[in-house]
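This report walks through selected parts of the backbone architecture, from strand pairing to domains and helices. The sequence and the coordinates are shown first, and the description follows.

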Amino acid sequence: MSLTPLETGLPPLEEASEVAELGSARAIEGRSPLWLALARLRTDRMAFLAAGAIILMALLAIFAPLISAATGHDPLNPNLLTGTNSFGQPLGPGQGGYILGTDNVGRDILVRIAYGARISLLVGVLSTVIASVAGTIIGVIAGYYGGWIDAVLARLMDTVLSFPYVLLAIVLASVYGPSLSLTIGVIAFFSWAAIGRIVRGQTLSLREKEYVEAARSLGAGNLRIMFVEILPNLVAPVIVLGTLLVPTAIVFEATLDYLGVGVGPPTPTWGNMLADAQGSGFQDWWFWIFPSLTLLITTLGFNLLGDSVRDALDPRTERIFAMRRKSGRGGADGADQEAEERLLGEAQPG
Amino acid sequence: MPDPRSAASSGVEAEPSPAPRPAAEPLLRVENVVKRFPISRGIIFKRQIGQVHAVEGVSLEVPRGETLGLVGETGCGKSTLARCITRLYPLTSGRVVLDGTDISTLSRRQLRRHRRQMQMIFQDPYGSLNPRRRVGSIIGDPLAIHHVADGAGRKRQVQELMEVVGLNPEHYNRFPSEFSGGQRQRIGVARALALRPSLIVCDEPVSALDVSVQAQIINLLEDLQGEFGLTYLFIAHDLAVVEHVSDRVAVMYLGKIVEMAAVRDLFSSPRHPYTVALLSASMIADPDRARSTHRVVLAGDVPSPINPPSGCLFHTRCPKAQPICSVEAPALTVQAGDLAGHVTACHFPVAPGEQMRGAEAEVRQAAADFAAAPLGEAVEGAG
């Protein structure tokens with residue numbers, strides 16, 4: 001190897017000074033990994049469908065009081081006068097202006113489902129956020145420091161994961177009485193370990209990266225390395241896990257409410273609506289089929305969205321996109337396909 | 001070559017050296033540095049079953065403004081030594097004196113101040129830049145960590161640095177994945193340069209790059225050395241690169257320095273048998289000269305650093321080994337007839353002009369046997 005013909009100079013420099021001379025103050029914005037993921041997500045039809053279902057539920061939750069006002073049906077007060085027929089039996093869907101029918105005491109099931117959506121989404125999202133933050137912090141600390149700190153925290157996570165959570169929830173509810181904050185707390189407490197364990201594993205490999213060593217050689221402290229160097233690399237897995245944790249939390253909440261140890265009556269939730277529907281059987285099928293359906297649509301929506309988000313955040317799943325492209329579209333829309341290919345080509349591994 | 005950066009660097013002047021030192025005091029003095037990694041077994045009851053002798057008593061000095069090249073095979077402890085000097089690893093024993101201060105025993109907090117004087121450029125331009133962070137904030141990291149500048153001031157300084165290393169300052173907000181390998185290494189150089197250090201430890205800064213890009217980065221490093229009065233500890237396994245950049249060269253083998261001399265001296269009259277073999281193994285671009293040069297082939301592999309050989313570490317592969325070599329470790333001293341500053345650790349150094357014979361015949365014989373044996377075919381020219 002000869003090192004003499006080195007007069008090539010530094011082409012980017014001249015370019016740079018030229019640009020500077022032009023006086024263009026416009027900085028060139030890089031495409032962040034999250035931006036690329038979002039762009040990939042936009043090409044995913046399943047994600048659209050799932051997001052649509054979730055947005056529908058969110059709208060239902062947000063406009064619950066409006067629905068209540070529009071129909072004139074209260075979610076809480078029994079309405080034996082107009083909510084039941086002359087024999088005192090609940091009305092079926094479509095009867096007497098009740099779109100989804102009424103329950104045993106004449107309350108509008110649609111209004112109750114809308115109010116139930118508030119609880120389900122609130123509990124699902126809030127407990128997931130709490131669990132994600134706690135799980136990420138504890139997981140990073142365990143993975144980064146290692147040693148006895150890791151040993152203690154890892155065993156703690158194992159313990160939490162192997163705990164009979166329904167039992168504990170029943171005990172807590174009987175001691176403190178069922179409430180919304182307790183439900184969120186219980187769900188968050190039993191969810192953080194799942195995230196913590198994954199984050200810990202990721203951190204174990206991230207802390208050995210050369211850029212962490214580089215930061216250390218610059219004099220960065222442990223906190224800075226954990227939050228500036230390691231945390232940005234954990235955003236993707238935590239987002240995926242969080243999205244997949246929401247439906248689990250919603251089902252968890254419904255379970256607790258079904259058992260009567262969740263938010264508790266009279267607040268309408270999908271869980272206690274299902275508990276009320278117990279024993280109604282095929283006679284009053286609208287009691288249980290509508291809360292079940294909304295529960296199913298919501299959890300399915302979050303699960304499918306989570307899958308799509310994972311595909312979008314992990315460029316290695318390009319294969320999946322390519323397969324979908326080949327089988328699904330059959331090359332009908334070439335321009336779209338080209339755009340997607342260009343997009344995926346820019347994605348880098350890691 | 002005229003310096004293309006002189007105009008660009010108007011705002012990035014080298015700081016005057018903080019305290020005038022006596023001329024004799026080198027910027028970096030490494031004394032008897034030893035680094036051993038314990039090997040332990042067992043999950044709960046860990047017990048040490050051995051140790052890797054990564055660096056075994058290395059001493060060297062790098063005067064201000066000079067470049068010391070450090071060469072050796074993969075696994076000889078070059079990178080470990082670099083990480084000991086920058087205190088990424090704690091030392092097992094020995095001292096690292098930077099600009100008159102012993103930094104080997106400083107606490108983390110005390111060390112922070114001294115880190116400003118000493119930066120590192122890493123081998124892998126892909127691994128050493130965080131893929132999730134923008135280039136501007138990566139280069140601005142040292143400024144943020146040491147509270148040198150923030151906000152608009154930091155951005156301005158970072159863009160100046162980008163210009164100094166030949167990057168487009170407009171790419172401030174880009175991500176590392178949007179740059180080529182050579183550009184990424186420029187980012188690494190800019191980061192190392194941000195605090196105006198006096199010493200930069202380059203841990204194989206070009207060995208992961210294309211040959212054409214290697215030249216660009218090496219030129220950049222040389223230009224920056226002139227411009228900012230930098231001192232380099234330059235680690236490489238490419239002898240041509242080391243010959244090009246270094247003022248002095250140290251050759252490492254199994255965690256020890258076996259020979260150290262001025263670059264011209266070492267390449268023209270190597271004394272240690274290992275250095276001779278190493279130099280003879282490097283490629284020569286001139287075919288006429290290459291034909292006339294004798295290549296010394298060493299027998300066997302590098303011994304395990306977990307269980308290093310007794311006496312001279314090289315005696316297991318040395319063609320000149322005598323009984324004393326396996327008993328007594330030779331000291332690193334100036335050999336008879338050498339210039340001052342040319343030190344060699346060998347009982348029987350190679351005399352200038354001496355034709356050293358390695359295991360060429362054995363290797364050739366083994367190759368012939370191998371070619372002849374399996375299928376029984378006659379291989380022409382195997383001998």
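In this predicted model, strand S1 (residues 28-41) of chain B pairs with S4(B) in the antiparallel sense, and five bridges join the two. Within this pairing, B:Val34 stands opposite B:Ser93 of S4(B). S4(B) also pairs in the antiparallel sense with S5(B), here over two bridges, and B:Val97 has B:Asp102 in S5(B) as its bridge partner. S4(B) and S5(B) together form a hairpin with two residues between them.

The turn of this hairpin holds B:Asp99, whose phi is positive at about 50°; the residue belongs to the loop between strand S4 (93-98) and strand S5 (101-102) of chain B. B:Asp99 is buried, because 21 other C-beta atoms lie within 10 Å and the cut-off for a buried residue is 20 or more. B:Glu204 is another residue other than glycine with a positive phi, in this case near 45°, and its place is the loop between strand S7 (199-203) and helix H6 (211-228) of chain B. B:Glu204 has 22 C-beta neighbours inside 10 Å and therefore counts as buried.

The table sets these two residues beside a further buried loop residue, B:Cys346, which is taken up again below.

| Residue | Loop in chain B | C-beta neighbours within 10 Å |
|---|---|---|
| B:Asp99 | between S4 (93-98) and S5 (101-102) | 21 C-beta atoms |
| B:Glu204 | between S7 (199-203) and H6 (211-228) | 22 C-beta atoms |
| B:Cys346 | between S12 (343-344) and H11 (360-372) | 23 C-beta atoms |

**Chain B as a whole**

Chain B contains eleven helices and twelve strands, and 43% of its 383 residues count as buried. Of the contacts in chain B between residues at least 6 apart in sequence, 64% join residues that are at least 24 apart.

Eight strands of chain B make up an open sheet with mixed pairing, in the order S6-S7-S8-S3-S9-S10-S12-S11. S6 and strand S11 (333-334) of chain B stand at the edges of this sheet, and since each has a single partner strand, one side of each is left without a neighbour in the sheet. Inside the order, strand S3 (residues 67-71) and strand S8 (residues 231-235) of chain B run parallel and are joined by four bridges, with B:Gly69 standing opposite B:Phe234 in S8(B).

**Domains of chain B**

Chain B is divided into domain 1 (28-41 + 48-246) and domain 2 (276-369), and the C-alpha centres of these two domains lie 31 Å apart. Nine residues from domain 1 of chain B and seven residues from domain 2 of chain B take part in the contact between them. On the domain 1 side that touches domain 2, strand S2 (47-62) and helix H7 (239-245) of chain B each supply at least two residues, and S2(B) gives the most, with four residues. By residue class, that side of domain 1 of chain B consists of five nonpolar, three polar and one charged.

B:Cys346 has several contacts beyond its neighbours within four places in sequence, namely B:Arg271, B:His272, B:Pro273 and B:Pro330. B:Cys346 and B:Ala329 are 17 residues apart in sequence, while their C-alpha atoms are 8.2 Å apart in space.

**Two helices**

Helix H5 (residues 181-193) of chain B has 13 residues and reaches 18 Å from its first C-alpha to its last, close to the 18 Å expected at 1.5 Å a residue. Twelve of the 13 residues of H5(B) are buried, so the helix is largely enclosed by the rest of the structure. Among these buried residues are B:Arg184, B:Arg186 and B:Arg191, together with B:Ile187, B:Val189 and B:Leu193. The elements that cover them include strand S6 (118-121), helix H3 (135-145), helix H4 (151-164), S7 and H6 of chain B.

Helix H10 (residues 222-258) of chain A, by contrast, spans only 45 Å between its end C-alpha atoms, where a straight helix of 37 residues would span 54 Å at 1.5 Å a residue. H10(A) bends by about 55° at A:Leu231, and a proline, A:Pro232, follows within four residues. Just after H10(A) comes A:Gly260, which takes a positive phi of about 80°.

Terms used:
Residues are numbered from 1 along each chain as its sequence is written. Chains are lettered from A and ligands numbered from 1 in the order in which they are written. This is a predicted model: local features need pLDDT of at least 70, side-chain atom pairs count only at pLDDT 80 or more; totals for chains, interfaces and linings use all residues. The expected span of a helix is 1.5 Å times one less than its number of residues. The bend at a residue is the angle between axes fitted to the seven residues ending there and the seven starting there. Two residues are in contact if their C-beta atoms, placed from the backbone, lie within 7 Å. Two strands pair if DSSP finds at least two bridges between them. Domain bounds come from an automatic or database domain assignment. Ala, Val, Leu, Ile, Met, Phe, Trp, Tyr, Cys and Pro count as nonpolar, Asp, Glu, Lys and Arg as charged, and the others, Gly among them, as polar.
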